[in-house]
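Opening the notebook on this one. I want to go through the charged pairs, then see what one of the helices packs against.

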Amino acid sequence: MVQGERLPASSLQYDVVQKMVEDGVVQKIQSGKSKAILLVNNGDALLQYVSNRFSISNLQAYVDQYATDDLSRSEAVMLSGNSKLKSIRTFKGFLVNAYSYINASLQGQAIEIKPPGGSAFFVHNYDSFTLNPYVTVVGVENSENFFCAAQQQYLFESIQPLFVSRYPQGHDLIKWLQMIPNPYLHFGDFDFEGINIYLYEYKRYLGDRATFFIPENIEALLVQYGNRELYNRQQDRMHALKEIDEPALHPLVLLFHKHKKCLEQEVLIKK
């Protein structure tokens with residue numbers, strides 16, 4: 001409207017627009033019994049009004065930036081003086097961990113990842129986070145296994161693993177995994193729910209790059225530490241996964257049924 005365009009009043013039925021009409025910076029003209037149009041006779045007056053009332057000094061920059069998905073709170077303050085201009089998700093990213101140094105790049109800077117015991121490394125700007133191609137990303141379902149990565153080193157001696165945490169849950173991790181070429185190994189509970197998480201949260205997006213970790217002694221572990229109640233409790237998940245389109249998982253599922261047990265991954269942490 002600043003540039004002379006006229007708009008139907010029905011398309012701008014907002015309190016703020018009605019206030020502009022009452023204050024005289026926007027004109028409302030009836031074009032029929034039930035129709036009206038809105039226009040601006042003095043564009044400079046509207047810009048001054050917006051600046052004085054809403055602290056928006058550059059209306060075009062405000063419109064352009066407001067439409068972006070990555071508007072920061074600092075930019076919102078610069079545009080309007082209000083950090084809460086729109087709902088902005090400032091705490092994005094995911095946790096990573098490693099028991100040996102992992103070479104990576106973050107915002108174009110080479111870094112080495114090996115957090116001290118009892119801690120993890122949080123990646124916020126994951127769009128610029130890349131790994132050397134020999135690194136395998138290991139997605140860990142449960143938090144205790146994630147923070148005790150060093151006590152499970154014996155399981156991953158054939159690969160160079162970077163552990164990523166499923167929590168806090170969100171879309172950031174899978175978005176990043178889709179950006180990079182590295183293989184993904186899912187390390188979760190050995191039950192129907194764990195397979196469901198793997199298939200529907202990771203495999204469906206990563207395709208052949210994703211595999212499910214199964215220890216060589218899984219049957220012995222199931223016999224000794226398996227949980228029959230866990231197996232019985234997941235009947236709904238079991239029926240939903242009757243047709244698992246991944247041959248590598250079939251022997252594991254047969255073991256669940258054979259022993260009527262499932263296994264939680266925490267048992268693999270060496271004390």
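Is Glu229 buried or exposed? I looked it up, keeping in mind that this is a predicted model. Glu229 counts as exposed, at 55% relative accessibility.

**Entry: the pair in α9.** I checked who Glu229 pairs with, and the partner is Arg233: the two form a salt bridge with the closest N and O atoms 3.5 Å apart. Both sit in helix α9 (residues 228–233), 4 residues apart, so about one helical turn separates them. Arg233 also comes out at 55% relative accessibility, which is over the 50% cut-off and therefore exposed. A reminder to myself: with 3.6 residues a turn in an α-helix, residues three or four places apart point the same way.

**Entry: the pair in α1.** I went on to Asp23 and Lys19, whose side chains meet in a salt bridge at 3.6 Å, N to O. Again the spacing is 4 residues, about one turn, with both residues in helix α1 (residues 15–23). I looked up the accessibilities too: Asp23 has 37% and counts as partly exposed, while Lys19 has a relative accessible area of 31% and is partly exposed.

**Entry: the long-range pair.** Next I pulled up Lys203 and Glu246, which meet through their side chains in a salt bridge of 3.8 Å, N to O. This pair links distant parts of the chain, 43 residues apart: Lys203 is in helix α7, and Glu246 is in the loop between α10 (235–240) and α11 (250–259). Is Glu246 buried or exposed? Its relative accessibility is 8%, under the 20% cut-off, so Glu246 counts as buried. Lys203 has 18% and counts as buried as well. For the tally, I get 5 salt bridges by this rule.

**Entry: Asp236.** I found this residue in helix α10. Asp236 is exposed, with a relative accessible area of 68%. I also noted its separation from Glu193: 43 residues in sequence, and 9.6 Å in space from C-alpha to C-alpha.

**Entry: α6.** Last stop for the day. Which residues of helix α6 (residues 172–179) are buried? I have Asp172, Leu173, Ile174, Trp176 and Leu177 on the list. I then looked up what these buried residues pack against. On the strand side I noted β4 (94–97), β8 (129–131), β9 (135–140), β10 (160–165) and β11 (184–187), and they also pack against helix α7 (192–206). Helix α7 was already in my notes as the one that holds Lys203.

Technical notes:
Residues are numbered from 1 along each chain as its sequence is written. This is a predicted model: local features need pLDDT of at least 70, side-chain atom pairs count only at pLDDT 80 or more; totals for chains, interfaces and linings use all residues. Side-chain values use heavy atoms; hydrogens and water are left out. Buried means under 20% relative accessible area, exposed over 50%, partly exposed in between (1.4 Å probe, protein chains only). Helices (H or I, at least four residues) and strands (E, at least two) are DSSP runs, numbered from the N terminus. Contact means heavy atoms within 4.5 Å. A salt bridge is a side-chain nitrogen of Lys or Arg within 4 Å of a carboxyl oxygen of Asp or Glu.
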